[in-house]
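Reader: I'd like a close look at one part of this model, and then a walk outward from there. Could you take me through it?

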Amino acid sequence: MSSEPGRRVVVTGATGHVGTSLVRLLSEDPEVGTVLGLARRLPDWSPPKTDWAAVDLSAERPHPVKEFEGAAAVVHLAWTFRPTHDPAVTWRTNVLGSIRVFQAVAAAGVPTLVHGSSVGAYSPGPKGHTADESWPTHGWPGAAYCREKAYLERVLDTFEREHPEVRVVRMRPAFLVRREPARAPRRAPGGRLLPGPPPRPDLLPFLPEVRGLRVQVLHPDDAAQAYRLAVHRQVHGAFNLAAEPPVDTELLSAMFGARPVRLPRTAARTAVAAAWGLRLLPASPQLFDAVLRLPLMDCTRAHTDLGWYPQHTATEVLEEFLLGLRREEETETEPESAWWRRAG
């Protein structure tokens, strides 16, 4: 760990799932002097040692050099998933906005950049065993989310060659899942498929089993802890982040007491495409294609070099999410409500 006192850390996308958790962790960290959270809309909450600035990375505006000046590290988490029907909009925010962030880091002389990449950056890979950080990051070309994450990996390759003075860390977390207020899951990437109260997955009589549908998940609090460690430890390069065990139909069936029923890929994709076409489901059929092909990640490097271990198992993450579905009250925490307004 660094012993440098009073370090200033800037977090973009600070009102998102991981951003909210990270700002809280940094505000409690004795090695951090101040935290600056950047977000499109300023929240009503503010933990100790934290300031806020309104920055919209989708807008044609000057690079955020002023906000980054004097920072010991910039953690770049800003990302938008919608509108999935207009990839030009997400490209403008996610790719062009990220490039502006990287350029501002260099211009402001920030020594550390921690970038929020994703498992979605990886090329198709194995489901029967894990792949480490050396697996190719060319994404899945059909899915905008994967294209954007993979493109930024190439941008960072160039950035590191041109700016060797900047320590660059790339975090590649699994799918982030956390408990939400009762209405929030219907506005999440899963979308609102049914009217009325959210469905109870634990009451379903059967679950569709699709070949290749085996993924990893992670709690945002655990992801935030990894980002905090990366700010302090003198590490660089990529880190896979995921909880165990991998999530598949067998695990879900055991959790819900439901019977698995084999569903052909083509039938599952047709259903996703129909719902997406009717704007009932934000997740595109191309993203469904990508999920079926994403590799399972080996997180050994995060354990050994960062000293990071998730505090929530994949089963606990899903159980917590189910608790959110079961809640009848619609109370929202301040940072979460801000995130849902942006994502929706």
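Reader: How many of the 11 residues of helix H1 (residues 17-27) are buried, and why is H1 largely enclosed?

Author: A word on the model before the helix. This is a predicted model, so local features need pLDDT of at least 70, side-chain atom pairs count only at pLDDT 80 or more, and totals for chains, interfaces and linings use all residues. Residues are numbered from 1 along each chain as its sequence is written, and side-chain values use heavy atoms, with hydrogens and water left out.

Now H1. Nine of its 11 residues are buried, so the rest of the structure largely encloses this helix. Buried here means under 20% relative accessible area, with exposed over 50% and partly exposed in between (1.4 Å probe, protein chains only). The list runs His17, Val18, Gly19, Thr20, Ser21, Leu22 and Val23, then Leu26 and Ser27. Helices (H or I, at least four residues) and strands (E, at least two) are DSSP runs, numbered from the N terminus.

Moving outward, there's an open sheet of seven strands, ordered S3-S2-S1-S4-S5-S7-S11, with parallel pairing. Strands S3 (50-54) and S11 (237-241) sit at the edges with a single partner strand each, so one side of each has no neighbour in the sheet. Neighbouring strands are turned by 20 degrees against each other on average, direction ignored. S11 pairs with S7 (residues 167-173) in the parallel sense over five bridges; two strands count as paired if DSSP finds at least two bridges between them. Pro173 stands opposite Leu241 in S11.

Helix H4 (residues 144-162) packs on the sheet, touching S5 (112-116) and S7, and its direction makes about 165 degrees with that of S7. H6 lies across S1 (7-12), S2 (32-39), S4 (73-76), S5, S7 and S11, running at about 165 degrees to S7. Those angles run from 0 to 180 degrees between N-to-C directions, with axes fitted to C-alpha atoms, for helices over the stretch in contact.

H6 (residues 220-232) also gives seven residues, the largest share, to the largest nonpolar core. That core has 48 residues, and Val11, Val75, Met171 and Tyr227 have the most contacts inside it. Such a core is a set of buried Ala, Val, Leu, Ile, Met, Phe, Trp, Tyr and Cys residues joined through side-chain atoms within 4.5 Å. Leaving aside residues up to four places away in sequence, Met171 touches, among others, Val114, Ala226, Tyr227, Ala230, Phe239 and Leu241. A second, separate core of 30 residues includes Leu36, Leu113, Leu152 and Phe159.

Technical notes:
Contact means heavy atoms within 4.5 Å.
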